[in-house]
Amino acid sequence: MGYIQKLMLPPTPSAADLLRTYKLPALRRFAQNFLLDPRGTSKFVACAGNIENKFVIEVGPGPGGITRQLFEHGAAQVAAIEKDIRLFPALQTLANAVDSRLRLYLGDILDFDIESVIPDSITSQRGSWESNESSSVSPIHLVGNLPFNIAIPLLIRWLQQVSTQSGPFSYGYRIPITICMQEAVAGRIVSDALMDQRGRLSIIFQNWFDCRIKHIFSGRAFVPAANVNVAVMQLIPLKRPLVDVSYDLLDRVTRTAFHTRNKKMGMTMTSLFHQETCDEDTRELLHRAHLKSDTKCLTLTVEEFGQLAQIYGDIISRPRPIHEQIDKKINEKELTFELGETYVRPKKLETKKKSKKDWDD
């Protein structure tokens with residue numbers, strides 16, 4: 001992708017004007033809160049870092065307030081993925097002003113294949129994931145002012161892809177992600193050990209990302225006004241995870257630990273294991289992790305949780321005695337074992353019910 005100078009847009013209606021022109025109120029079913037003030041949209045794009053000459057994938061462009069700023073900050077191309085078809089006339093007005101540099105896609109981001117919008121000029125190349133400059137030289141940026149109800153599901157999907165270097169992260173680039181989310185949720189993601197906000201999200205995101213809150217917007221900066229403050233969160237994939245462990249194992253261990261966050265690890269971890277061996281397996285888990293049974297999850301670091309997940313994976317991967325492999329679910333006709341064998345329950349002998357006369361005989 002050759003160098004493209006910053007674009008000075010011709011005079012076009014502002015995003016707020018377009019909303020009024022096309023009579024496009026925010027809809028509750030889409031959880032829409034538009035960022036329209038040019039100072040706010042410029043601040044958001046500045047939080048994304050250097051996007052000059054980059055390919056930007058914008059999730060939820062709305063009427064195009066942030067989209068306009070992406071071009072004014074030097075983005076080479078923008079792929080905007082929007083679920084609300086009502087907003088396309090407003091977005092098309094901006095697309096006409098930037099020629100072919102803005103491509104519009106209709107779809108729900110939770111079901112959308114992001115790889116399909118990345119140009120061949122990028123997919124035909126590969127970066128070096130472990131390069132110190134991988135994130136800064138990434139030709140792709142992900143940005144978006146997301147509805148609050150999809151921010152975490154979408155980020156977790158991207159987290160899973162980062163953990164396996166798949167999806168849009170399969171080209172060797174540590175793609176920066178810059179999105180809006182509720183300040184309280186962002187606080188949980190960046191929370192350190194011993195902080196009240198510490199939770200599962202803190203552990204799983206910090207294991208794979210450098211997580212930073214770049215700016216806090218008042219809810220009044222949005223149209224309609226949000227009921228809470230809104231954080232601009234930036235997530236940059238790490239060269240290597242803090243602990244080399246699968247997402248599924250770390251997620252399972254952290255879910256269990258923080259389900260009852262104020263209880264002791266010796267009690268909470270038992271639910272990870274088979275009922276008949278849970279006490280023994282929990283003692284082994286904590287012993288190998290050098291943790292006491294009265295340790296609380298809020299005090300553990302990401303590395304300690306990662307070690308717990310590794311040990312847990314080792315314990316559950318061991319062959320188990322045959323009596324532990326039996327599926328406890330029994331239907332009326334057969335007993336089914338996890339080993340694939342089926343044992344038919346013996347039929348009960350039918351006995352004729354004796355009448356009173358029979359007993360008298």
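**Entry 1: Thr254**

I began with the side chain of Thr254, and in this predicted model one of its polar atoms lies 2.8 Å from the backbone oxygen of Leu250. Thr254 is part of helix H9, and I looked up its accessibility next: at a relative accessible area of 0% the residue is buried, because buried here means under 20%. I then set aside the neighbours within four places in sequence and listed what remains in contact with Thr254, which gave Arg200, Ile203, Ile204 and Phe305.

**Entry 2: helices H9 and H12**

Phe305 in that list led me to the pair of helices, since Phe305 of H12 and Thr254 of H9 both take part in the contact between them. I fitted H9 over residues 247–259 and H12 over residues 302–317 into the same note: their axes come within 9 Å and cross at roughly 110°. That angle makes H9 roughly perpendicular to H12, because crossings of 65 to 115 degrees are counted that way.

Which residues make the contact? From H9 I noted Leu249, Leu250, Arg252, Val253, Thr254, Ala257 and Phe258, and from H12 I noted Phe305, Gly306, Leu308, Ala309, Tyr312, Gly313 and Ile316. Sorted by class, the contact of H9 with H12 holds ten nonpolar, three polar and one charged residues. Leu250, whose backbone oxygen I had already met beside the side chain of Thr254, is also among the contact residues of H9.

**Entry 3: backbone geometry**

I turned to the backbone and looked up the peptide bond between Val223 and Pro224, which is cis, with omega at about -10°. Pro224 is placed in the loop between strand E8 (222–223) and strand E9 (230–237).

I also noted two residues with positive phi that are not glycine. Gln165 has phi near 50° and sits in the loop that runs between helix H6 (148–164) and strand E6 (177–182); its relative accessible area of 37% makes Gln165 partly exposed. For His290 I found a phi of about 60°, and this residue belongs to the loop between helix H11 (278–288) and H12. Is His290 buried or exposed? With a relative accessible area of 69%, His290 is exposed.

**Entry 4: cysteines**

How many disulfides does the count give? The count comes to zero, and I checked Cys180 separately: it is in no disulfide, and the nearest cysteine sulfur, that of Cys47, is 8.5 Å away. A pair would need its sulfur atoms within 2.5 Å to be counted. Cys180 is buried, with a relative accessible area of 0%. I looked up Cys278 as well, and this cysteine also counts as buried, its relative accessibility being 13%.

**Entry 5: Asp84**

My last residue was Asp84, which I located in the loop between strand E3 (77–82) and helix H4 (88–97). Although it is a loop residue, Asp84 is buried, with a relative accessible area of 2%. The side chains of Asp84 and Arg86 are joined by a polar contact of 2.7 Å. I also compared sequence and space for Asp84 and Gln32: the two stand 52 residues apart in sequence, while their C-alpha atoms are 9.7 Å apart.

Key
Residues are numbered from 1 along each chain as its sequence is written. This is a predicted model: local features need pLDDT of at least 70, side-chain atom pairs count only at pLDDT 80 or more; totals for chains, interfaces and linings use all residues. Side-chain values use heavy atoms; hydrogens and water are left out. Axes are lines fitted to C-alpha atoms, for helices over the stretch in contact, and angles run from 0 to 180 degrees between N-to-C directions. Helices (H or I, at least four residues) and strands (E, at least two) are DSSP runs, numbered from the N terminus. Angles under 35 degrees count as roughly parallel, over 145 as roughly antiparallel, 65 to 115 as roughly perpendicular and the rest as oblique. Contact means heavy atoms within 4.5 Å. Ala, Val, Leu, Ile, Met, Phe, Trp, Tyr, Cys and Pro count as nonpolar, Asp, Glu, Lys and Arg as charged, and the others, Gly among them, as polar. Buried means under 20% relative accessible area, exposed over 50%, partly exposed in between (1.4 Å probe, protein chains only). A polar contact is a pair of N or O atoms within 3.5 Å; within protein, one must be able to donate a hydrogen and the other to accept it, and residues adjacent in sequence count only if both atoms are side-chain atoms.
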